[in-house]
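Welcome! Here are some short exercises, each with a worked solution, to help you find your way around a new structure. Try each task by yourself before you read on.

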Amino acid sequence: MRWASTLREAALDVQSGTTKATMLGCVLFAVVLVLGLAEIGTMSQLLTAADVYRRAGGATLVYIAPQQIDGPACDRLTTIPGIDAAGAMRPSIENERLLALPSSSVPTFEASPGFSGFVALDTPRPHRGVLVSAALADALELDASDKLPLMSGTVEVGAVFTSAEDGRRPGLGYALIAPTAAIGPFDECWIDTWPQSQSSTDALRTVLLPGAGATDASPPRLAQLNSTLGAHFDGAARYAERLSRFAPLAGIVIAAAIGFVATRTRRLELASARHAGVPVGSQVLQLVCETLCWAVGAAVMAVSAILLLLEIAPQEGLGVVAGIAIRPAVVAVPAVLCGVIGGVALTKEEQLFRYFKER
């Protein structure tokens, strides 16, 4: 049987509905779409948990060494892969007083020029002016670029930062952070590290001033801005143990079963054609072509639907999930073809009479 005749026969079967292409395509589409959505749901929960961990300050490390921190060296840590933000800080010699409330002082800190972009502080990036805590900004009805009258003079609000009472270290809930020249020693070096790694932690040791660690100085210590959520985010373990990791395997098994069952329902037709002289190879080619018509279409539609859902409901980092979510659709096509070929192989011409009685 010529290959052209085989292809023509396959086209006629699809057109006439013999292959049940629409029904089988819908079934395969639904299966791979559900499996893909399961991966999206699981990964979305994982990304949300990671975002909560970072925003709460779990990934913000504070290297504490009073009067021993080199401000410029701390700022330069952002050149190291995995460190997204860095900056040094120290308490101001004198707390600022508000012009509106001259009798009360506001806790004031001085920060190195690079102190910005910390996720736990809501990623403030001031170009000029002071950082004002959200509680203080709300009390004074201030926003970025507004003027803040102080007893020492009027300053511009460079940005508003958050410091919630969610387990993070106290002191910044109602405070000012004033960027200053990186002159003199600082008390702390802050870094945002993601993903967390030992190399990022080890880099903090390079910010100590020469001669630091003398006997009369406090030994450096490492702390988290918020230690209530654990020292490390177990994202890798959660990813490895997620239930939806079996989605590609489930896609393979179910797709192969669909292809096998679809072929076995036509065993009388296949055995009759073989009895009439149609070779097995031609039957395999014909059914593979017929199957590709609905299997590829179903996979493409499922992938398109998954990508559309990711586009409509964007979430930071969710684009990475796309490659994971479409895997069940990708593996489904070769799996369903294997099921079809297995169904053809198990169809025997000598069983024609039994197939006829079972129809």
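Helices, as the word is used here, are DSSP runs of H or I with at least four residues, numbered from the N terminus. Keep in mind as you work that this is a predicted model.

**Exercise 1. Get an overview of the chain.**
Task: Find how many helices and strands the chain has, and what share of its residues is buried.

Solution.
- Step 1: Start with the secondary structure, which comes to 12 helices and 11 strands.
- Step 2: Turn to burial: of the 359 residues in the chain, 41% are buried.
- Step 3: Look at the outside. The accessible surface is about 18200 Å², and carbon and sulfur atoms account for 62% of that.
- Step 4: Check how the chain comes together. Taking contacts between residues at least 6 apart in sequence, 81% join residues at least 24 apart.

**Exercise 2. Follow helix α2 to its end.**
Task: Compare the reach of α2 with the expected span, then look at what comes just after α2.

Solution.
- Step 1: α2 has 35 residues, and its first and last C-alpha atoms are 49 Å apart.
- Step 2: At 1.5 Å a residue, 51 Å would be expected, so the reach is close to that value.
- Step 3: Just after α2 comes Gly57, with a positive phi of about 100 degrees.
- Step 4: Now set α2 beside the record. The unreviewed UniProt entry annotates residues 21-38 as a "transmembrane region", along with 246-263, 284-309 and 329-347.

**Exercise 3. Look at two annotated stretches.**
Task: Work out what percentage of residues 246-263 is helix, and do likewise for 329-347.

Solution.
- Step 1: Residues 246-263 are 94% helix and 0% strand, with end C-alpha atoms 26 Å apart.
- Step 2: Residues 329-347 are 89% helix and 0% strand, and here the end C-alpha atoms are 28 Å apart.
- Step 3: Both stretches are among those that the UniProt entry annotates as "transmembrane region".

**Exercise 4. Find the two sides of helix α7.**
Task: Is Val253 buried or exposed? Which residues of α7 are buried?

Solution.
- Step 1: Val253 is found in α7, which covers residues 247-264.
- Step 2: Exposed means over 50% relative accessible area, and Val253 has 52%, so Val253 is exposed.
- Step 3: Val253 also belongs to a nonpolar surface patch with Leu243, Phe246, Leu249, Ile252 and Ile254; together the patch has about 570 Å² of accessible area.
- Step 4: The buried residues of α7 include Gly251, Ala255, Ile258, Gly259 and Ala262.
- Step 5: An α-helix has 3.6 residues a turn, so residues three or four places apart point the same way.

**Exercise 5. Trace the salt bridges.**
Task: Which parts of the chain does the pair Arg55 and Asp122 link?

Solution.
- Step 1: The whole structure has 11 salt bridges.
- Step 2: In one of them the side chains of Arg55 and Asp122 meet, at 3.7 Å from N to O. Arg55 is in α2 and Asp122 is in the loop between β5 and β6, so the pair links distant parts of the chain, 67 residues apart.
- Step 3: Both partners are partly exposed, Arg55 at 39% relative accessibility and Asp122 at 38%.
- Step 4: Lys147 and Glu156 form another bridge, with the closest N and O atoms 3.9 Å apart. Lys147 is exposed at 52%, whereas Glu156 is buried at 15%.
- Step 5: Asp202 bridges to Arg205, at 2.9 Å between the closest N and O atoms.
- Step 6: Glu39, Arg242 and Arg327 are linked in a network of salt bridges.

**Exercise 6. Inspect some backbone details.**
Task: Where is the residue Gln67 found, and which peptide bond is cis?

Solution.
- Step 1: Gln67 is found in strand β1, residues 60-69. Its phi is positive, about 60 degrees, although Gln67 is not a glycine.
- Step 2: Thr123, also not a glycine, has a positive phi of about 45 degrees. Thr123 lies in the loop between β5 and β6.
- Step 3: The cis peptide bond runs from Trp194 to Pro195, with omega near 0 degrees. Pro195 lies in the loop between β10 and α5.

Conventions:
Residues numbered from 1 in each chain as written. Predicted model: local features only at pLDDT ≥ 70, side-chain atom pairs only at ≥ 80, totals over all residues. Heavy atoms only, no water. UniProt positions renumbered as here; feature names shortened; annotations may be inferred. Helix = DSSP H or I, 4+ residues; strand = E, 2+ residues; numbered from the N terminus. Patch = residues over 30% accessible without salt bridge, like charges linked within 9 Å, V, L, I, M, F, W, Y side chains within 5 Å. Areas by Shrake-Rupley, 256 points an atom, 1.4 Å probe, with all protein chains shown as cover. Salt bridge = Lys/Arg side-chain N within 4 Å of Asp/Glu carboxyl O. Buried < 20%, exposed > 50% of the residue type's maximum accessible area, 1.4 Å probe, protein only. Contact = heavy atoms within 4.5 Å.
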